[in-house]
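Here are some notes for reading this model alongside its sequence. Each point takes up one part of the structure.

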Amino acid sequence: AGGCGYIAVHDGVRPLVSAELVHEAVATAADFGTAVPVIEPADSFRMVTECGSQPVDRTALRAVQTPQVFRADILHKAYGAAYDPCFTDDASVVERSGVAVRLCTGRRGNLKITTPEDMIVAEALLNFKSAAGGGVIKGAGPQA
């Protein structure tokens, strides 16, 4: 039967994903069965406690992006789990099924647009790429 071998799950509020990132995620999943793009955080973080707050060591943190790519059989099995409010993305569902996820390098330009300010940053990034001769960010097709 001609089922698909891999499934990429992409967040629709990340419209600036590059073909380069899609290809890297697919290649990582082809090698390891899973791929989750991440970037190192630039911000500092604080954990809020009952006694106030304390700094968090950001060197151990990564911000998760999409597309997350999984071997189809791994993702289908994971989706059989009962819902848990701890699930934050497809990677957390896959991990709950006992499969470790492989991290790959995300891209800072793969913005998650959820606020009006994010739209301003995205527009500025597109204008910069266009002015620099980079044109519009390419999709995930073979032209990349």
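Helices are DSSP runs of at least four residues, numbered from the N terminus. Keep in mind throughout that this is a predicted model.

1. Start with helix H4 and what follows it. Gly133 comes just after H4 and has a positive phi of about 85°. How far apart are the end C-alpha atoms of H4? They are 23 Å apart, and this agrees with the 22 Å that its 16 residues should span at 1.5 Å a residue. The expected figure is 1.5 Å times one less than the number of residues, so the last residue adds no further step.

2. Next, the largest nonpolar core. It has 10 residues: Val36, Val38, Phe70, Ile74, Leu75, Ala78, Phe87, Ala91, Val93 and Val94. Strand E2 (34-39), H2 and H3 are the elements that give two or more residues to this core. Another core lies apart from it and has 5 residues, including Ala25, Ala29, Val69 and Cys104.

3. Leu75 is one of the residues of the largest core. Setting aside neighbours within four places in sequence, Leu75 is in contact with Ile7, Val9, Phe70, Asp90 and Val94. Of these partners, Phe70 and Val94 are listed in that core too.

4. Now the aromatic rings. How many aromatic pairs does the structure hold? It holds 1. The pair is formed by Tyr83 and Phe87, in an edge-to-face arrangement with 6.4 Å from centre to centre and 85° between the planes. Is Tyr83 buried or exposed? Tyr83 counts as exposed because its relative accessible area is 67%, and exposed means over 50%. Phe87 counts as buried because its relative accessibility is 17%, and buried means under 20%. Another ring, that of Phe32, has the charged end of Arg102 over it, 3.8 Å from the ring centre.

5. Asp84 belongs to the loop between helix H2 (72-78) and helix H3 (90-96). Its relative accessibility is 15%, so Asp84 counts as buried. Which side chain does the side chain of Asp84 meet in a polar contact of 2.7 Å? The partner is Arg96.

6. The loop between strand E5 (63-64) and strand E6 (68-71) contains Pro67, and Thr66 is found there as well. Thr66 and Pro67 are joined by a cis peptide bond, with omega about 15°. With a relative accessibility of 11%, Thr66 counts as buried. Leaving aside neighbours within four places in sequence, Thr66 is in contact with Val9, His10, Asp11, Arg14, Val17, Leu21, Pro37 and Asn110. With His10, the side chain of Thr66 makes a side-chain polar contact of 3.0 Å.

7. Last, Arg108, which is placed in the loop between strand E7 (103-105) and helix H4 (116-131). Arg108 and Ile39 are 69 residues apart in sequence, yet their C-alpha atoms are 7.0 Å apart in space. Not counting residues up to four places away in sequence, Arg108 touches Ile39, Glu40, Pro41 and Ala42. Which backbone oxygen does the Arg108 side chain reach at 2.3 Å? That oxygen belongs to Glu40.

Technical notes: Residues are numbered from 1 along each chain as its sequence is written. This is a predicted model: local features need pLDDT of at least 70, side-chain atom pairs count only at pLDDT 80 or more; totals for chains, interfaces and linings use all residues. Side-chain values use heavy atoms; hydrogens and water are left out. Buried means under 20% relative accessible area, exposed over 50%, partly exposed in between (1.4 Å probe, protein chains only). A polar contact is a pair of N or O atoms within 3.5 Å; within protein, one must be able to donate a hydrogen and the other to accept it, and residues adjacent in sequence count only if both atoms are side-chain atoms. Contact means heavy atoms within 4.5 Å. Rings of Phe, Tyr and Trp (its six-membered ring) pair if their centres lie within 6.5 Å; planes under 30 degrees apart count as stacked, over 60 as edge-to-face and the rest as tilted. A charge sits over a ring if NZ of Lys or CZ of Arg is within 6 Å of the ring centre and within 35 degrees of the ring normal. A nonpolar core is a set of buried Ala, Val, Leu, Ile, Met, Phe, Trp, Tyr and Cys residues joined through side-chain atoms within 4.5 Å.
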